[in-house]
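I opened this model to look up a few things and to keep a record of them here. The sequence and the structure come first, and my entries come after.

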Amino acid sequence: MSRPIALDVAVPSEDLSYTVRVGAGLLDGIGGLLTRELPRARRVRVISDDNVWPLHGETLEASLVSAGLDVSVQTISPGERSKTPAQLLELVSGALAAGLSRHDVVVALGGGVVGDIAGLTAALFMRGIPVVQCPTSLLAQVDASVGGKVAVDLPEGKNLLGAFHFPRAVVIDPTVLQTLPDDELGCGLAEMLKHGALFSTEHWQELLDHSEAIYDRDPDVLGRLVATSVALKAACVSRDPLEMAGAGKGRVLLNLGHTVGHAIEQASKFELKHGQCVGLGLIATARISARRGLAGAELEDIVVHALRRLRLPIDLERWLRPPVVTDVDAALRHDKKREKSTVTYIGLRELGEPVVESLRVDEILGLLRG
Ligand SMILES: NC(=O)c1ccc[n+]([C@@H]2O[C@H](COP(=O)([O-])OP(=O)(O)OC[C@H]3O[C@@H](n4cnc5c(N)ncnc54)[C@H](O)[C@@H]3O)[C@@H](O)[C@H]2O)c1
């Protein structure tokens, strides 16, 4: 097995940094890591979900206990439906009942849902205690666990009650992906392709070259690719930790593929998963970029080829036909990034060359349908 990779993520505006470690078997050593990082912590509140805890909880718990930590666990039902204010309050109350003090720590063991709600629990508990993220879905490993955004949803929309709460450490063990279903793996791959499309054609190509090994869950290949994707996202986040930078410089770029992707996700009534929709959003980006004269027509073929190779859906046309296109249109008009009737749209000149554009919402479908 390869040695673990450690990446430092700087948050200059907050004068802090944290380390993301990627390596097979890291969960077995998390107790030692935690006592080194947080020497005053005595109690650990693990937050996980009912799928992940039975699969990977024992390894984590055994390591924490053997490091002399007092461990308690609270699990939530899997899925987005648990990302609610009511669930958040239950987690805060749970941490109180478990006797956590402000020197103690929350450990998030799960996908992006667990990472987001556990992170917000830690942000709010006694005005903020440390959180260590142990992401177990590929999407959470390459995206949700890095960057410090934590949130729950409101009836009015996703992630509307949240904060920035940077993790004290992120521990990524690619062996946990053995138990992740293929479609969930695909969702993470779509976000990794997005990182490649934005910042690195080499990363894009490596993903394609290793698609078999990825689906075989080869921990060395996955570890290396995850570390690259995290490094690409982390560099972007470090330039703009609080999402304040002007057009073209910061986190706004990470919305590549998301404007149309979100609209399809909603129109599909969540039949398609988020990452699958981001993949379709990447096709949309290529087509819109070509039709606006930014990119060549071949960009769309390049994107479709990549999605096919990574076993992701490619049927964008299905969402551009009546009757469902009406729902896509309605969802686009409610895009939260919409300012008056325009959206900030990330286009591509080619792979590795994003551009930030302002597009009228009513132009998007016209451009896509040609
Ligand atoms: N904070 C951020 O910057 C950020 C970025 C992207 C996404 N997100 C959030 O992340 C969430 C989506 O994350 P997700 O795709 O991980 O969803 P998720 O947490 O619902 O996980 C997907 C499914 O996989 C299961 N699972 C996770 N790890 C597993 C494993 N190792 N083995 C078996 N099953 C496993 C989960 O139980 C769940 O059923 C959304 O709520 C989204 O808003 C946050």
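The entries below go from the ligand to one helix and then to some backbone details.

Entry 1, the ligand shell. I kept in mind throughout that this is a predicted model. I looked up which residues surround the ligand and found 26 of them, among which D49, E80, G112, S137 and T179 come nearest. Sorting the shell by residue class gave me eight nonpolar, nine polar and nine charged residues. I also checked which elements contribute, and noted that α2 (52–66), α4 (112–124), α5 (138–144) and β8 (157–164) each supply at least two residues of the shell.

Entry 2, polar atoms facing the ligand. I went through the oxygen atoms of the ligand and found that one lies 2.5 Å from an N or O atom in the side chain of S137. For N51, I noted a polar side-chain atom 3.0 Å from an oxygen atom of the ligand, while for V113 the atom at 3.0 Å from a ligand oxygen is a polar one of the backbone. I then looked up how far the ligand is covered: on its own it has 860 Å² of accessible area, and the protein covers 86% of that.

Entry 3, helix α4. How many of the 13 residues of α4 are buried? I counted 12, so I wrote the helix down as mostly covered, buried here meaning under 20% relative accessible area. The buried residues include G112 and V113, which I had already met at the ligand, and the list runs on through A122 and A123. I also checked the length of α4: at 1.5 Å a residue its 13 residues should span 18 Å, and because the end C-alpha atoms are 18 Å apart, the two values agree. After α4 comes M126, and I noted that its phi is positive, near 50 degrees.

Entry 4, backbone details in loops. Most residues other than glycine have a negative phi, and most peptide bonds are trans, so I looked for exceptions. D15 has a positive phi of about 55 degrees although it is not a glycine, and its place is in the loop between β1 (5–11) and β2 (16–22). D15 is exposed, with a relative accessible area of 72%. R311, in the loop between α12 and α13, has a positive phi near 60 degrees and counts as partly exposed at 46% relative accessibility. Lastly, I noted a cis peptide bond between P322 and P323, with omega about 0 degrees; P323 lies in the loop between α12 (298–309) and α13 (324–333).

Note on methods. Residues are numbered from 1 along each chain as its sequence is written. This is a predicted model: local features need pLDDT of at least 70, side-chain atom pairs count only at pLDDT 80 or more; totals for chains, interfaces and linings use all residues. Side-chain values use heavy atoms; hydrogens and water are left out. A residue is near a molecule or strand if one of its heavy atoms lies within 4 Å of it. A polar contact is a pair of N or O atoms within 3.5 Å; within protein, one must be able to donate a hydrogen and the other to accept it, and residues adjacent in sequence count only if both atoms are side-chain atoms. Accessible areas come from the Shrake-Rupley method with a 1.4 Å probe; for residues, only the protein chains shown count as cover. Ala, Val, Leu, Ile, Met, Phe, Trp, Tyr, Cys and Pro count as nonpolar, Asp, Glu, Lys and Arg as charged, and the others, Gly among them, as polar. The expected span of a helix is 1.5 Å times one less than its number of residues. Buried means under 20% relative accessible area, exposed over 50%, partly exposed in between (1.4 Å probe, protein chains only).
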